[in-house]
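Biologist: Please take me through one part of this model slowly. I would like a close look at the nonpolar core and what surrounds it.

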Amino acid sequence: QVQLVESGGGSVQAGGSLRLSCAASGYTYSSYCMGWFRQAPGKEREGVATISRGGVPSYYADSVQGRFTISRDNAKNTLYLQMNDLKPEDTAMYSCARHRIPWVGCANFVQTDFGVWGQGTQVTVSS
């Protein structure tokens, strides 16, 4: 069974940091591009960052560029999102996702390209 399980969310003050993790199972993790997405209350889900199968290249939304870092450990089947200098507008439910197709890149945040999603982990940033 293909499964993605996020962890690491929580509440933090503005300027703080969090590291999200996404544990993957049930498929060959290293064969797929992965991404992080988020959805704030009352807003549509948006792409945050994506990373290629081998870890390079990676892509970021303009709103998080320079503050967030996506990475992956293919030996541990785990995806990460290091979030620094957090802002109240980063408050959202964060979900990891796997691309539908193996061996292709994901240089965009087209959500329909991603076919497997985790349940999400909540990040709340207070001012």
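Modeller: What follows starts at one buried residue and works outward through the core, the sheet, the rings and the hairpins.

This is a predicted model. Start with Tyr94. Its place is in strand E9. Its relative accessibility is 0%, so Tyr94 counts as buried; the cut-off for buried is under 20%.

Now look at what Tyr94 touches. Leave aside its neighbours within four places in sequence. Its contacts then include Glu6, Leu20, Trp36, Phe37 and Arg38. Val48, Phe68, Leu81 and Met83 are also among them. So are Gly120, Thr121 and Val123. Take Trp36 from that list. Tyr94 and Trp36 are 58 residues apart along the chain, yet their C-alpha atoms are separated by 6.9 Å.

Tyr94 belongs to a wider group. The largest nonpolar core has 30 residues. Those with the most contacts inside it are Trp36, Leu79, Leu81, Met83 and Tyr94. Several strands give two or more residues to this core. They are E3 (18-25), E4 (34-39), E5 (46-51), E7 (68-73), E8 (78-83), E9 (92-99) and E11 (121-126). The largest share, four residues, comes from E3. There is also a second, separate core of five residues, which includes Phe37, Ala97, Cys106 and Phe114.

Next, the sheet. Strands of a sheet pair through backbone hydrogen bonds, either parallel or antiparallel. Here, an open sheet of four strands has the order E1-E3-E8-E7, with antiparallel pairing. Why do E1 (3-7) and E7 each have one side left without a neighbour in the sheet? Both stand at the edges with a single partner strand, so one side of each has no neighbour there. From one strand to the next, the twist averages 15°.

Zoom in on E7 and E8. Six bridges join these two antiparallel strands. Ile70 stands opposite Leu81 in E8. Leu81 is also one of the residues with the most contacts inside the largest core.

Just before E3 there is a loop worth a stop. Gly16 sits in the loop between strand E2 (10-13) and E3. With a relative accessibility of 18%, Gly16 counts as buried. Leaving aside its neighbours within four places in sequence, Gly16 is in contact with Met83, Asn84, Asp85 and Leu86. Gly16 and Leu86 are 70 residues apart in sequence, but 5.5 Å apart in space, C-alpha to C-alpha.

Now the aromatic rings. A pair of aromatic rings is described by the distance of the centres and the angle of the planes. The structure holds five aromatic pairs. In one of them, the rings of Tyr27 and Tyr32 have centres 5.3 Å apart and planes at 90°, so this pair is edge-to-face. Both Tyr27 and Tyr32 are buried. Phe37 and Phe114 form another edge-to-face pair, with 5.0 Å centre to centre and 70° between the planes. This pair links distant parts of the chain. Phe37 is in strand E4, Phe114 is in strand E10 (residues 114-117), and they are 77 residues apart. Phe37 and Phe114 are both buried.

Go back to the tyrosines. Ring pairs link Tyr27, Tyr29 and Tyr32 into a cluster. Two arginines sit over rings of this cluster. The charged end of Arg72 is over the ring of Tyr29, 4.4 Å from its centre. Arg98 lies over the face of Tyr27, at 4.7 Å from the ring centre.

Last, follow E5, which also gives residues to the largest core. E5 is mostly covered, with five of its six residues buried. On one hand, five bridges join E4 to E5, and the two run antiparallel. Gly35 stands opposite Thr50 in E5. Six residues lie between the strands of the E4 and E5 hairpin, where Gly42 takes a positive phi near 80°.

On the other hand, three bridges join E5 to strand E6 (residues 58-60), again antiparallel. Ile51 stands opposite Ser58 in E6. E5 and E6 form a hairpin with six residues between them. Gly55, in that turn, has a positive phi of about 105°.

Methods
Residues numbered from 1 in each chain as written. Predicted model: local features only at pLDDT ≥ 70, side-chain atom pairs only at ≥ 80, totals over all residues. Heavy atoms only, no water. Core = buried A, V, L, I, M, F, W, Y, C linked by side-chain atoms within 4.5 Å. Buried < 20%, exposed > 50% of the residue type's maximum accessible area, 1.4 Å probe, protein only. Contact = heavy atoms within 4.5 Å. Pairing = 2+ DSSP bridges. Axes fitted to C-alpha atoms, helices over the stretch in contact; angles between N-to-C directions. Phe/Tyr/Trp six-rings, centres within 6.5 Å; stacked < 30°, edge-to-face > 60°. Lys NZ or Arg CZ within 6 Å of the ring centre and 35° of its normal.
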